[in-house]
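Here are a few friendly notes to read with the structure open beside you. Take the points one at a time and find each residue as you go.

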Amino acid sequence: MKERLRLSAKLVDELQAADHLVIATPVYNYNVPASLKAWIDAIVRKGKTLGFDGHGLITGKKVTVLIASGGVYTEGSFLQEA
């Protein structure tokens, strides 16, 4: 548990030091990969990045999220109308 908290503290420090966060990820079955979910789980910390009222404590950061997903978007595809 101490090792996980050390890693979490390091990741939170990196996040707080960043001016701009870029997340590039594929989307699998309408969800993010397990590695991105694990990173999110590691940086969400009550009292550090998440307030006890549920509001985020990291502010003033720019975030860019790039996603890639497969699919057919040609004429007549059911995805074209989505």
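**Notes on the core, the strands and the salt bridges**

1. Let's begin inside this predicted model. Its largest nonpolar core has 8 residues: Leu-11, Val-12, Leu-15, Leu-21, Ile-23, Leu-36, Ala-42 and Ile-43. Helix H1 (2-17), strand E1 and helix H2 are the elements that give two or more residues to this core.

2. Now look along E1, where the side chains alternate. Leu-21, Ile-23 and Thr-25 point to one face and are buried. His-20, Val-22, Ala-24 and Pro-26 point to the other face and are not buried. This fits a general pattern: in a regular strand, side chains alternate between the two faces of the sheet.

3. Which strand does E1 pair with, and in what sense? Strand E1 (residues 20-26) pairs with strand E2 (residues 62-68) in the parallel sense, over 7 bridges. To get from E1 to E2, the chain passes through helix H2 (residues 34-43), and this β-α-β crossover is right-handed. Two opposite positions are handy to find on screen: Leu-21 faces Val-63 in E2, and Ile-23 stands opposite Val-65 in E2.

4. Ile-23 deserves a second look. It belongs to the largest nonpolar core and is on the buried face of E1. Which residues does Ile-23 contact, if we leave aside neighbours within four places in sequence? They are Leu-36, Trp-39, Thr-64, Val-65 and Leu-66. Of these, Leu-36 is also a member of the core.

5. Next, the charged side chains. As a reminder, side chains of opposite charge can pair when their charged atoms come close. How many salt bridges are found in the whole structure? The search finds 2.

6. One salt bridge joins Arg-6 and Glu-3, with the closest N and O atoms 3.2 Å apart. Where do these partners sit relative to each other? Both are in helix H1, and because they are 3 residues apart, about one helical turn separates them. Arg-6 is exposed, with a relative accessible area of 52%, and Glu-3 also counts as exposed, at 53%.

7. Another salt bridge links the side chains of Asp-41 and Lys-37, at 2.7 Å from N to O. These two lie 4 residues apart in helix H2, so they too are separated by about one helical turn. Are they buried or exposed? Asp-41 is partly exposed, with a relative accessible area of 46%, and Lys-37 is partly exposed at 43%.

Conventions
Residues are numbered from 1 along each chain as its sequence is written. This is a predicted model: local features need pLDDT of at least 70, side-chain atom pairs count only at pLDDT 80 or more; totals for chains, interfaces and linings use all residues. Side-chain values use heavy atoms; hydrogens and water are left out. Two strands pair if DSSP finds at least two bridges between them. A crossover is right-handed if, with the strands pointing away from the viewer, the path from the first strand over the helix to the second runs clockwise. A nonpolar core is a set of buried Ala, Val, Leu, Ile, Met, Phe, Trp, Tyr and Cys residues joined through side-chain atoms within 4.5 Å. Buried means under 20% relative accessible area, exposed over 50%, partly exposed in between (1.4 Å probe, protein chains only). Contact means heavy atoms within 4.5 Å. A salt bridge is a side-chain nitrogen of Lys or Arg within 4 Å of a carboxyl oxygen of Asp or Glu.
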